[in-house]
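Work through the exercises below with the sequence and the coordinates open beside you. Each task sentence is followed by a solution that goes step by step.

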2 protein chains.
Amino acid sequence: MTYCLAIRVNKGLVFASDSRTNAGVDYVATYSKMYRFSWPGERTVVLLSAGSLATSQAVVNAINSDLEDPDAAFNLRKGKHLYDVASYVGNLSQKEQQQHAPALEKSHASGEASFILGGQIAGRDCEIYMIYPQGNYISASEDTPYLQIGENKYGKPILDRIITPNTSLEDAGRCAMVSLDSTVRSNISVGLPIELAIYTGDSLEEPWHNKYSAFSPMYKSMQKQWNEGLRQAFSGLPRFDWEKDD
Amino acid sequence: MTYCLAIRVNKGLVFASDSRTNAGVDYVATYSKMYRFSWPGERTVVLLSAGSLATSQAVVNAINSDLEDPDAAFNLRKGKHLYDVASYVGNLSQKEQQQHAPALEKSHASGEASFILGGQIAGRDCEIYMIYPQGNYISASEDTPYLQIGENKYGKPILDRIITPNTSLEDAGRCAMVSLDSTVRSNISVGLPIELAIYTGDSLEEPWHNKYSAFSPMYKSMQKQWNEGLRQAFSGLPRFDWEKDD
């Protein structure tokens, strides 16, 4: 499995992804699931992928081929709206899945992949989209300012408690790290390193990007302080009636 | 869906359950999923259920019928070990499911139910078991001191961070409440009231039991303090490099 997350706040966008892929428990590997495309001053696009690694990689290869091809009917730079780009990624994904569908079905395997696409095109708002395996897509909203793909449940409660459109970019980045860290701890199919990208809205620059392993000082310090903070929060919880007599 | 949880610590057992059942989004209701059976000085058994409400209720009806029948081949009081009782509940569940299987299959419906069974029989240790829909079962261990059924993912991270065999019964009870509360907040198929039962190991008494609605002072205070504590923990997280220049 996988866990990827994008958050849209008023100040910009945050993207986070884990790096574990597996085809059964005896074939586990580390792959980045975050793809960044930037043309400073013009547009920034970040793509996160979950599901079939073959489908995800084929989609990214097709994106790169179309970018190199001046005659391509569409590519990442030609989309006027981010939803045009979402639609394009959905089509690439469906095309790839359909190509291998007969063989995959014979092996009872799935070529399904989900994507999160986010970024900004000059003159337009920051946006994030979730692209379903079927190729259709939805965007985040004011009320639901984040989107998740893969193992989304473990890391959801902290997002529901912390994230609002007014959350700062840095707090959203920290919240994404905690959400990923909680998932890594509770589910063996989600693993380090964690990639984090932070895009400052309207900058039209490349997003800030970092990769955190178990040995990264920032990640270790975040884990330690979150654990301590949770224990402190926990020790502040109300007592049961019979404890109050002591 | 449902979320039920049992924790075994050195000092005893904690049980928690939500109360939402639904058959589609237009048929949502409130039912207790916690059944308590106690013969003080002899044995205490608590049963939590998830899955088909019809199967769960039929199993509890059969348990009660067998208890009333002096000639029953087996009942809750006749088991020498708690695993005998787990096996009995698994058999009742399978029998009920098989009886309705042909009709359920025709409607593409499922009669599957999972159970958590816990308690103590005089002279034996406190134990908790998870009974699968297929009727087989597993017990908790030193390394995995809790068991969950239903929507188990949202509330797992806090258990993984807090619960060890040395956790006090009261802290385990608070952790169960936080685990349930996080799940209720993040998943609409899990709902209030929350039931909590705490059994003091070797007491062989009825477990302490309470039901928390959204208006229960203890639950409201727990929610408020946990939220505040989390925010404080969150504000203590390390800063990104560029924040340190400020």
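The exercises that follow concern a predicted model, and they treat chain symmetry, backbone geometry and enclosed or open spaces in turn.

**Exercise 1. Symmetry of the two chains**

Task: Determine what rotation and what shift along its axis superpose chain A on chain B, and state which residue of chain A comes closest to the rotation axis.

Solution. Begin with the superposition, in which a rotation of 180 degrees with 0.0 Å of shift along its axis carries chain A onto chain B at an RMSD of 0.0 Å. That is the relation of a two-fold axis. Next, take the C-alpha distances of chain A from this axis, among which A:Y154 comes closest, at 2.3 Å. Finally, compare the contact residues, counting heavy atoms within 4.5 Å as a contact: 100% of those of chain A recur in chain B, and the same surface thus serves both copies.

**Exercise 2. Cis peptide bonds**

Task: Find where the cis peptide bond that ends at A:P193 begins, and do likewise for B:P193.

Solution. In chain A, the peptide bond from A:L192 to A:P193 is cis, with omega near -5 degrees, and A:P193 is placed in the loop between α4 (169-186) and β11 (194-200) of that chain. In chain B, the cis bond joins B:L192 and B:P193, where omega is about -5 degrees, while B:P193 is found in the loop between α4 (169-186) and β11 (194-200) of chain B.

**Exercise 3. Positive phi outside glycine**

Task: Locate A:L204 within its chain, and decide whether it is buried or exposed; then turn to B:L204.

Solution. First, the backbone of A:L204 has a positive phi of about 55 degrees, although the residue is not a glycine. Second, A:L204 sits in the loop between β11 and β12 (208-212) of chain A. Third, its relative accessible area is 12%, and with buried defined as under 20%, A:L204 is therefore classed as buried. For chain B, phi of B:L204 is near 55 degrees, again a positive value in a residue other than glycine; B:L204 lies in the loop between β11 and β12 (208-212) of chain B and is buried, with a relative accessible area of 12%.

**Exercise 4. The cavity**

Task: State how many cavities of 30 Å³ or more a search of the whole structure finds, and describe the lining of the largest cavity.

Solution. The search finds one cavity of 30 Å³ or more, and the volume of the largest cavity is about 200 Å³. Its lining consists of 17 residues, with A:P157, A:I158, B:P157, B:I158 and B:S182 nearest the centre. Assigning the lining to elements, α3 (156-162), α4 and α5 (217-235) of chain A, together with α3 (156-162), α4 and α5 (217-235) of chain B, each supply at least two residues. By class, the lining holds 12 nonpolar, three polar and two charged residues.

**Exercise 5. The two largest pockets**

Task: Give the volume of the largest pocket and of the second largest pocket, and classify the residues that line them.

Solution. The largest pocket has a volume of about 440 Å³. Of its 24 lining residues, B:T2, B:A50, B:G51, B:S52 and B:L53 are closest to its centre, and the lining divides into 10 nonpolar, 12 polar and two charged residues. The second largest pocket has a volume of about 320 Å³ and is lined by 19 residues, of which A:T21, A:N22, A:G51, A:S52 and A:L53 lie nearest its centre. Here β3 (20-22), β6 (43-51) and α1 (53-68) of chain A each supply at least two lining residues, and the classes are nine nonpolar, eight polar and two charged.

Technical notes:
Residues numbered from 1 in each chain as written. Chains lettered and ligands numbered in written order. Predicted model: local features only at pLDDT ≥ 70, side-chain atom pairs only at ≥ 80, totals over all residues. Heavy atoms only, no water. Helix = DSSP H or I, 4+ residues; strand = E, 2+ residues; numbered from the N terminus. Buried < 20%, exposed > 50% of the residue type's maximum accessible area, 1.4 Å probe, protein only. 1 Å grid on protein atoms, 1.4 Å probe; cavity = no way out; pocket = protein on both sides within 12 Å on 5 of 7 lines; lining within 4 Å. Points joined across faces, edges and corners; volume = space filled by probe spheres on them. Nonpolar A, V, L, I, M, F, W, Y, C, P; charged D, E, K, R; others polar. Least-squares fit on C-alpha atoms with pLDDT ≥ 70 in both.
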